Amino acid sequence: MDKALQTMIDNMPEKTGKSLQEWKKLLQKKQFSKHSEGVNYLKKEHKVTHGFANTIVTLSKEENTTPDDLVKNQYQGKESLLPIHDQLVDFVKTLGDDVTITPKKTSVSVIRDKQFALIKPATKTRIDLGLKLKDVPTTDRLLNSGPFGTMCTHRVQLTSTEDLDSELQSWLTEAYTKAT
């Protein structure tokens, strides 16, 4: 299990008032049909921060699937992209102790107070990195959000670890900074 995720689970009782198991029992009674409904419920009714709410709902749905399993499944048949994914995750973890990495079924959310990046294997040869960079113009490389819709404002297509250059790192850093 990702160290940051395990720390988040360990801190959950202190930060949210309940353990992960207690939250899972509560959500099982509610049975929300959409992920966002569960997140919004926890935020509004229980004053849980977005990062914790998203993690609780994700882990409640994926009862028998670990975060590592979710990532492994995303890259099945796309294993050549894992070094790009791993380097992206390693870099965003350097941005601050408040970064949460939340694997989902088809993507990995990167959250501070709000989601600021989304890592998604798009094809067998490309990862799409979604970024939230409000008021930043698109370029030949920093494309519009495309398939990410409103989850992100921009998208960068990554095909090798060489794409994780200083320009990309500066965009990730700016997205992190704005995610408060």
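Biologist: Which helices and strands do the buried residues of H5 pack against?
Modeller: In this predicted model, the buried residues of H5 have both helices and strands as partners. The helices are H1 (3-16), H4 (50-61) and H6 (82-93). The strands are S1 (100-103), S2 (108-111) and S3 (115-123).

Biologist: Which residues of H5 are buried, and what arc do they cover around the axis?
Modeller: Helix H5 spans residues 67-74, and its buried residues are Pro 67, Leu 70, Val 71 and Gln 74. An α-helix has 3.6 residues a turn, so residues three or four places apart point the same way. The buried residues sit on the same side of H5, because their arc is only 95°.

Biologist: How many aromatic pairs does the whole structure hold, and what is the geometry of Phe 32 and Tyr 41?
Modeller: A search of the whole structure gives 2 aromatic pairs. In the pair of Phe 32 and Tyr 41, the centres are 5.3 Å apart. The planes meet at 45°, and this pair is tilted.

Biologist: Is Phe 32 buried or partly exposed?
Modeller: Buried means under 20% relative accessible area. Phe 32 has 28% relative accessibility, so Phe 32 is partly exposed.

Biologist: Why is the pair of Phe 116 and Tyr 176 edge-to-face, and how many residues separate the two?
Modeller: The ring centres of Phe 116 and Tyr 176 lie 5.7 Å apart; their planes are at 75°, so the pair is edge-to-face. Phe 116 belongs to strand S3 and Tyr 176 to helix H7 (residues 166-178). The pair links distant parts of the chain, and the separation is 60 residues.

Biologist: Which residue has its charged end over the ring of Tyr 176?
Modeller: Tyr 176 is buried, as is Phe 116. The charged end over the ring of Tyr 176, 4.0 Å from its centre, is that of Arg 112.

Key: Residues numbered from 1 in each chain as written. Predicted model: local features only at pLDDT ≥ 70, side-chain atom pairs only at ≥ 80, totals over all residues. Heavy atoms only, no water. Buried < 20%, exposed > 50% of the residue type's maximum accessible area, 1.4 Å probe, protein only. Helix = DSSP H or I, 4+ residues; strand = E, 2+ residues; numbered from the N terminus. Arc of directions from axis to C-beta. Contact = heavy atoms within 4.5 Å. Phe/Tyr/Trp six-rings, centres within 6.5 Å; stacked < 30°, edge-to-face > 60°. Lys NZ or Arg CZ within 6 Å of the ring centre and 35° of its normal.
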